Amino acid sequence: MSQFQDKYDVIILGAGAAGLMCAITAGQCGLRVLVLEKANRIGKKILMSGGGRCNFTNLNTTPDNFISANPHFCKSALARYTPWDFVEMVNRHAIAWHEKGPGQLFCDHSSKDIVAMLAQECSQAGVEIRTRCDIAQVEKQGDFQLQTSLGNPSATNLVIATGGLSIPKMGASDFGHKLARQFGLDVLPLRAGLVPFTLSGTELEHWSSLSGVSIAVEAQCTAARFMENMLFTHRGLSGPALLQLSSYWQPGEPIYTDLMPGTDAAVWLEEKRTSHPKQSLRNALAQVLSKRVAELFCNRVLGTSVDATTALTDLNREAMQNIAKHLNQLRWKPSGTEGYRTAEVTLGGVNTDEISSKTLRAHKVPGLYLIGEVLDVTGQLGGYNFQWAWASGWCAGEALAGNAQAA
C-alpha cells in the first residue's frame with residue numbers, strides 16, 4: 001500500500017543538507033513537498049561532519065573557495081543566500097556555536113542540533129519525509145513518475161539532491177549522476193576530493209612510524225598551495241593542508257611541503273650555527289620540527305651524507321644548502337589517495353552548463369532541478385560545501401515557489 005499522496009508539487013531525492021534546505025524553502029511557500037531518502041535517517045553526512053560538531057558554514061565564503069569547470073556558476077546562489085542567512089536560522093533555534101578557525105562556524109554541542117533544526121523546519125513547513133526508500137525507476141510523462149519501495153508518487157517537479165560518491169559506507173552512490181544522464185545531461189569526470197594521500201614502498205615504510213604526528217607546513221602542487229597542518233598516517237599524509245591540496249592534485253605529479261613555512265631555512269641554519277655552533281643538527285631541527293620528525297628527516301632526507309649528531313659548526317656549505325633546500329621544499333611522490341572511502345567530497349559532477357545558475361533548473365528538462373554536491377561545484381575544506389548546499393537548496397526552493405505562483 002502506498003504511503004504517498006496521489007501527486008506532489010515537488011519530490012526531492014535526498015535528505016542531506018541541500019535537499020532539506022530546498023524542502024524547507026519550497027514548503028514554507030505552500031508547496032506540497034515530498035523528500036525521499038534511501039538511508040534510515042536524514043542528514044547522515046551532517047551528523048558525522050566536523051568531528052560530530054558540524055562545520056555548518058564559513059563566514060568568509062566567496063566563489064574563489066570553489067572548484068568548477070565554470071567558476072562563475074556558483075556566484076548567483078552564494079550571493080543570494082549568505083552564511084549569515086543560515087546563521088540567522090541557527091540563532092533562531094538557539095543553537096550555540098563558535099568560530100573555530102577564521103570564519104569556520106561549528107556547533108558547541110553536536111551536529112545533531114543542525115539535523116534537529118532542519119527536521120523541525122521541515123515539519124513546520126508541512127514537508128513529508130520518507131526514509132528507507134529505494135527508488136527503482138524515474139520517468140517523465142508530463143509529470144515525474146516514480147516507482148519506489150514505498151509506493152509510486154508523482155510530482156510536477158523533481159529535485160536531484162543525492163550528493164556524490166564520497167564515503168560509500170554512509171550510503172553514497174552514483175544514483176544522481178545516472179539519473180542526470182538518463183535525462184540527457186552531461187556529467188563531468190568524477191574523482192575523490194578532500195582526501196588523504198597514500199605513500200608506498202620505502203617512502204611509506206620510513207614515514208609511517210610518525211603516524212598521528214601533526215606539523216605546520218605549506219603544501220603545494222602545480223595548481224595550488226595551502227598553509228595549514230600536515231598529519232602523518234599509517235597510509236601516508238593527511239591533515240588540512242594535504243586534504244585541501246588533494247582537490248587540486250593530479251595523479252602522478254609530486255607534491256612539496258615547506259616544513260618551516262614563512263622562514264628561510266638557509267638563513268635560519270646560519271643563525272643557529274652562529275649562536276649555537278656546538279648544537280647537533282638533530283637537536284636544532286627538533287626545535288622546529290619536533291624530535292621524532294627531526295630524526296626521520298635527517299635519516300630519510302640526508303641519508304648517509306650527514307650524521308644527525310653532527311655539530312652545526314662542522315657542516316660544510318654544501319650540506320647546509322642541501323638541508324635548507326629540503327626543509328623548505330621536501331618532495332613527496334604520492335602513490336594515490338585513499339579514494340571515496342574517506343573522501344569528504346566528490347569533484348566533478350553534472351556539468352553546470354546544463355543548469356540555470358539562478359534557479360538550479362535543467363535547461364532542457366522542464367521541472368528538473370539539481371542542487372548540492374551532485375553538481376560540478378566543490379568547496380574547499382572549512383564549511384564551504386555546506387554553504388553551497390544551503391545556498392543552492394534555497395535558490396531552487398525559491399524558484400519552485402515562484403514557478404508555482406506564476407502558474
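The turns below concern helix α11 and a sheet of three strands in a predicted model.

User: What makes the span of α11 close to the expected one?

Analyst: The expected span is 1.5 Å times one less than the number of residues. Helix α11, residues 291-302, has twelve residues, and its first and last C-alpha atoms are 16 Å apart, close to the 16 Å expected.

User: Why are V293 and L296 called buried?

Analyst: Buried means under 20% relative accessible area. V293 and L296 are buried in α11, as are A294, F297, C298, V301 and L302, so each of these falls under 20%.

User: What do the buried residues of α11 pack against?

Analyst: They pack against α7, β13, β14, α10, α12 and β17. Contact means heavy atoms within 4.5 Å.

User: What follows α11?

Analyst: G303 follows, with a positive phi near 60 degrees.

User: How do you know that β5 and β6 pair?

Analyst: Two strands pair if there are at least two bridges between them. Four bridges join β5 to β6 (residues 104-107), so the requirement is met. These two strands run antiparallel, and the bridge partner of W97 in β6 is C107.

User: Why are β3 and β5 called edge strands?

Analyst: The open sheet has the order β3-β6-β5, with antiparallel pairing. β3 (55-58) and β5 (97-101) each pair on one side only, which is why they are the edge strands. From one strand to the next, the twist averages 35 degrees.

User: Which helix packs on the sheet?

Analyst: Helix α4, residues 83-92, packs there and touches β3, β5 and β6. The direction of α4 makes about 140 degrees with that of β3.

Technical notes. Residues numbered from 1 in each chain as written. Predicted model: local features only at pLDDT ≥ 70, side-chain atom pairs only at ≥ 80, totals over all residues. Heavy atoms only, no water. Buried < 20%, exposed > 50% of the residue type's maximum accessible area, 1.4 Å probe, protein only. Axes fitted to C-alpha atoms, helices over the stretch in contact; angles between N-to-C directions.
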